[in-house]
Amino acid sequence: MTNNKNVLNWVEEMVALCKPDKVVWIDGSEKQLDEIRNLSISTGEMEKLNEEKLPGCYLHRTAENDVARVEHRTFICTRDEKDAGPTNNWEDPKVMYEKLGKMFDGVMKGRTMYVIPYCMGPIGSKLSKVGVELTDSTYVVLNMAIMTRMGQAAFEQLGETSNDFVRGLHSKADIDEENRYICHFPEDNTIWSINSGYGGNVLLGKKCFALRIASFQGKNEGWMAEHMLILGIENPQGEVKYVTAAFPSACGKTNLAMLIPPEVYTEKGYKVWTVGDDIAWLRIGDDGRLWAINPEAGFFGVAPGTNMKSNPNALKSTMQGTIFTNVVHNLDDNTVWWEGLDKNPPKNAVDWKGNKWDPESGVKGAHPNSRFTAPAKNCPCVSPEFDNPKGVPISAIVFGGRRAKTAPLVYQARDWQNGVFVGSIMASETTAAATGAVGVVRRDPMAMLPFCGYHMGDYWKHWLEMGKKLGDKAPKIFNVNWFRTDDEGHFIWPGFGDNMRVLEWIINRCEGKADAVETPIGYEPKAEDINLEGLDLSLDTLKGLLNVDKDLWKEEAKGIREFYGKFGDRLPTEMMDELNKLEANLNK
Ligand code: GTP
Ligand code: SPV
Ligand code: MN
């Protein structure tokens, strides 16, 4: 499939290490994929779902101990420990290669190694990058076929002589938790993953390459890889403005990216277009503005809570050619179900663990981090610019997280430097997307805590430098929080489609069309400037959502100071200046 010696030599080396019985090169053809689908069915790896109701769809269950990303087993292996920074696990690359080398030695005996060439970003784009993943999992092959531009075209994108491709090696091995490793060697463009079969740990084009390795490449090459959705907002005049938004895992990116505006907007002609739902690669274009591409070709979305009301576009995206992982299997009609899909859980069903499931039992049928892998082209609101090799120009960058208190519904940073500060102090309640406790507030700068492939202090410095290059063409920066709760713990803001009301203010701010009031943390909308038409929410409640509680924020500032302490002399002085300014504002 390729004459590229760099690829051929590396594959040969890895074959010698893993010793598979057979090596299959994935060309991306439907014929070959069909063979792999059939093989997956015969091994029990996949179950074919109802062809009439869910054409081309499959169900997969992972091992019970293998249902989410494992941050404590994820490593950044730079030669100098300091370059990984205080927020990453680190190991010496030599030590890690040796340790994992022993585990990979002969691991594919009796198995097949699949060689998956894939392109992150549109084929033909200067912004795209190529990876090759070697894996013994057919589930990985079939997911990569949805999530990336996979096959022969990727080798054509790479060319015959280039060495600029990411070398990914994965084996399911024994799904042994104690020996699970997700290791990145950013200085060698290399990823080694062993003993897992769960999405974020094994679809190496996604978090491992497109965020951890790519963020490192971006710092060196002058661009950015971010945990951001990309959406376009079309106004009644037909003009489209693009926004990126960084929220931590399971905090609403897919939902915001596919938002359907409330009727008061749609009847005027507003529309939202999805460019991406999880990852953005951003570069400064010839015109000096910031441009974004989505390196992915599909959505690896959270299933629970997805329904015809919350996110019809996501649900429609899953109606064909989709792989469902760890959801409920409805045996009556061979379809799938999850909590929050509808009010009729199937009576004759199997849960995510593969056991007979009784909906009355009070036990969840789908895992909270159960997922769908759906082709982006299925999405009814996929942007016409989705495959544009140039990407889309960005007007606003939005940060956000899950905060029951403290963070207001929306505020705008005073300028780029203040915006980098706002991103750096993000905090959010943990979710089921990673193993460990759920609902604990932790700092998650730019939603990149688990995904930054180098020292977070250097990462902020890179953000500040990008801002200097962008100058007055820089996107405006905002922060949102859809998750403030009342005393009973209910979300106050309706969220989902109604988030359009906040996006409208954001776009208006970018165009100089909306007013703002100054608060200690930044600019906020005047409550009257958020359109509440058609919504059962009082102006007073909205004012409450916008309230900045100085005492809570003083506590917050203490927490930030402590967090910043971790970064030592790699914390840019600008960030400390911003923190001092915040404290001064709060004490005024
Ligand atoms: P990853 O794929 O893990 O990166 O997650 P994500 O950021 O794309 O999150 P997603 O959109 O899948 O949403 C995760 C959960 O948050 C789902 O259960 C949603 O129902 C819920 N959610 C999303 N948007 C909102 C919102 O505006 N308000 C409320 N209350 N919940 C929301
Ligand atoms: C996330 O956890 O942010 C995801 C899912 O998007 S995973 O691919 O598992 O990282
Ligand atoms: Mn994500």
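**Close-up views of the two ligand sites**

**View 1. The residue classes around ligand 2.** The shell around ligand 2 is made up of five charged, four nonpolar and three polar residues (charged being Asp, Glu, Lys and Arg, nonpolar being Ala, Val, Leu, Ile, Met, Phe, Trp, Tyr, Cys and Pro, and polar being the others, Gly among them). The model is predicted, with local features needing pLDDT of at least 70 and side-chain atom pairs counting only at pLDDT 80 or more, while totals for chains, interfaces and linings use all residues. Residues are numbered from 1 along each chain as its sequence is written, chains are lettered from A and ligands numbered from 1 in the order in which they are written, and side-chain values use heavy atoms, with hydrogens and water left out.

**View 2. The neighbours and polar contacts of ligand 2.** The residues surrounding ligand 2 include Arg69, Lys206, Lys207, Phe300, Arg371 and Phe451, each with a heavy atom within 4 Å of it. Oxygen atoms of ligand 2 make polar contacts (pairs of N or O atoms within 3.5 Å) with three side chains: an N or O atom of Tyr198 at 2.8 Å, one of His227 at 3.3 Å and one of Asp278 at 3.4 Å. Ligand 2 on its own exposes 280 Å², of which the protein buries 98% (Shrake-Rupley accessible area, 1.4 Å probe). Domain 1 (5–45 + 69–221) and domain 2 (226–296 + 384–587) each contribute at least three residues to the shell around ligand 2, the bounds coming from an automatic or database domain assignment.

**View 3. The polar contacts of ligand 1.** Among the 21 residues around ligand 1, those that come nearest are Ala250, Lys253, Thr254, Asn255 and Arg371. Ala250 places a backbone N or O atom 2.7 Å from an oxygen atom of ligand 1, whereas Asn499 and Arg402 use their side chains, with an N or O atom 3.0 Å from a ligand oxygen for Asn499 and 3.1 Å for Arg402. Ligand 1 has 660 Å² of accessible area on its own, and the protein covers 91% of it.

**View 4. The setting of ligand 1.** The shell around ligand 1 divides into 10 nonpolar, seven polar and four charged residues. Helix H9 (253–257) and strand S18 (298–302) each supply at least two residues of this shell, and H9 gives the most, with three (helices being DSSP runs of H or I with at least four residues, strands runs of E with at least two, numbered from the N terminus). Because domain 2 (226–296 + 384–587) and domain 3 (298–378) both give residues to the shell, ligand 1 lies between them.

Terms used
A polar contact is a pair of N or O atoms within 3.5 Å; within protein, one must be able to donate a hydrogen and the other to accept it, and residues adjacent in sequence count only if both atoms are side-chain atoms.
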